[in-house]
Amino acid sequence: MRFTIDKDEFLRGLLIAGHAIGAKASNPELICFKLELTEAGLNILASNGEMSIWTLVPNAFNGSQVIRSAQPGATLLSAHVLTEVIRKMDGKEISLEIVDDRIAKIEDGNASFKLNCISADEYPDLDSEKNGVSLILRCADLAKLCEQTAFAAFDKDTRPILTAINLDAQGGSLTAIATNSARLSRKKIAIDPSVRFTANVPSKTLVEVTRLFEGAEEVELTVSSKKILFSFGTTLVSSRIFDDDYPVNGSIVPTDFNYFLSVNAQQFLNAIDRVSILSRDHGTVVKLSMDEDRVEVSSYGDQTGSGVERLNSVQYSGNRLDIAFNALFVTQAVKALGSEDVSLSFTAEMKPFVIRNPNDDSIVELITPMRTR
């Protein structure tokens with residue numbers, strides 16, 4: 001294999017595929033990029049065993065030649081070493097040649113490197129076939145869906161299914177749900193009514209996918225029983241999906257409430273931030289006390305003391321209610337709504353409560369209260 005390639009486009013392809021390289025790999029080939037030069041251009045493949053990325057650096061882009069002096073072939077090169085070498089080279093073009101299937105000679109006219117490489121035949125076979133149910137979305141819609149739910153997923157592997165986002169397509173809606181069992185985030189977007197599927201996608205994978213959307217307008221999702229594919233621009237991402245049934249669904253969100261609070265989102269966030277300084281030794285527990293005369297947030301620390309702040313410009317209806325919550329969970333939920341005002345609806349002191357954007361019913365945040373002394 002031999003080619004000369006535009007440095008910036010080469011590095012861009014390496015950085016895209018590099019999102020699939022893990023810090024550790026049981027298979028030594030999975031710390032490598034698979035480079036394959038074909039008539040279409042340079043294919044770069046990377047995988048960590050759970051997520052795989054194929055991206056193409058085409059022969060030409062926007063009328064400019066990207067790859068020239070090409071001789072097809074394939075090889076495996078250390079992902080980290082190759083990326084750093086290309087990143088630090090000064091030339092506008094990079095020449096790469098495989099010598100005796102063992103050495104990759106890389107030059108830019110000034111610097112020259114010889115990197116050890118591995119036969120491409122050593123790379124594991126990866127399934128990139130688009131078989132299953134397909135759905136085309138705007139990249140911006142999928143990115144927003146991920147942004148407004150992924151933070152609520154469990155961040156530990158002790159319950160793997162809760163590290164996933166449940167995607168459920170039916171009835172003209174794609175519903176995403178993420179939960180760590182103490183909170184839940186649900187977001188809906190409208191889709192083609194004929195599309196039906198359900199898939200539990202690792203939240204970290206979905207976040208990585210949306211980070212790669214730069215310049216792309218649409219993404220095609222293809223869902224089968226074992227994997228989900230995301231295809232956009234010249235990039236294809238494959239991810240495993242969890243076989244287990246997701247433990248909750250949208251019906252867990254209550255619909256009957258006895259207490260209602262409307263408050264300016266930024267004022268609420270600022271108050272929580274200030275009073276929570278004192279409750280670090282209690283896992284950042286904040287108490288919300290409400291009646292028709294006043295609404296206050298407060299906190300208490302064994303070693304630090306107590307703090308309380310009254311909220312202005314609020315509307316509250318219902319009898320007196322005191323409810324405690326994890327400050328981080330509520331803060332992240334309010335920020336995810338992205339609205340000037342938020343509405344909170346409560347059933348009882350120790351029942352999960354709902355936070356909404358009053359102008360957008362496509363998203364809902366559910367928080368489980370905490371017990372205090």
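These legends accompany an overview and several close-up views of a predicted model of one protein chain.

**Figure 1. Overview of the protein chain, with 6 helices and 28 strands.** The C-alpha atoms fill a box of roughly 80 × 50 × 40 Å along the principal axes. The chain has 373 residues, and 48% of them count as buried. Among contacts with a separation of 6 or more, 65% join residues 24 or more positions apart.

**Figure 2. Surface and charge of the protein chain.** The chain exposes about 18,600 Å². Carbon and sulfur atoms supply 44% of that area. Side chains counted as charged comprise 38 positive and 50 negative ones. The centres of the two sets lie 4 Å apart.

**Figure 3. Close-up of helix 2, residues 79–88.** Five residues are named here as buried: Ala 79, Leu 82, Thr 83, Val 85 and Ile 86. They lie on the same side of helix 2, because they cover an arc of only 165 degrees around the axis. In general, an α-helix has 3.6 residues a turn, so residues three or four places apart point the same way. The other side of helix 2 carries His 80 and Lys 88, both exposed.

**Figure 4. Packing partners of helix 2.** The buried residues of helix 2 pack against one helix and several strands. The helix is helix 1 (7–17). The strands are strand 2 (32–37), strand 8 (73–78), strand 9 (93–99), strand 10 (103–107) and strand 11 (112–116). Ile 86 and Leu 82 are among the buried residues of helix 2.

**Figure 5. Cys 139 and Cys 146, two buried cysteines without a bond between them.** Cys 139 has a relative accessible area of 3%. For Cys 146 the value is 4%. The closest cysteine sulfur to that of Cys 139 is in Cys 146, 12 Å away. The reverse also holds: from the sulfur of Cys 146, the closest is in Cys 139, at 12 Å. A disulfide is a covalent bond between the sulfur atoms of two cysteines. The cut-off used for a disulfide is 2.5 Å between sulfur atoms, and 12 Å is therefore too far for a bond. The count for the model is 0 disulfides.

**Figure 6. Thr 210 in helix 4, residues 203–210.** Thr 210 is buried, with a relative accessible area of 18%. It passes the cut-off because buried means under 20%. Which residues does Thr 210 contact, leaving aside its neighbours within four places in sequence? They are Leu 142, Ala 143 and Cys 146. Cys 146 is the buried cysteine of the previous view.

**Figure 7. Asn 62, a residue with positive phi in a loop.** The phi of Asn 62 is about 55 degrees, although Asn 62 is not a glycine. The loop runs between strand 5 (60–61) and strand 6 (64–65). Is Asn 62 buried or exposed? Asn 62 counts as exposed, at 70% relative accessibility.

**Figure 8. Asp 101, a residue with positive phi in the loop between strand 9 and strand 10.** Asp 101 is not a glycine, yet its phi is positive, at about 60 degrees. Asp 101 counts as exposed, with 60% relative accessibility. Both flanking strands, strand 9 and strand 10, also appear among the packing partners of the buried residues of helix 2.

Definitions and conventions: Residues numbered from 1 in each chain as written. Heavy atoms only, no water. Helix = DSSP H or I, 4+ residues; strand = E, 2+ residues; numbered from the N terminus. Buried < 20%, exposed > 50% of the residue type's maximum accessible area, 1.4 Å probe, protein only. Contact = heavy atoms within 4.5 Å. Areas by Shrake-Rupley, 256 points an atom, 1.4 Å probe, with all protein chains shown as cover. Lys, Arg positive; Asp, Glu negative; His and termini not counted. Charge placed at Lys NZ, Arg CZ, Asp CG, Glu CD. Arc of directions from axis to C-beta.
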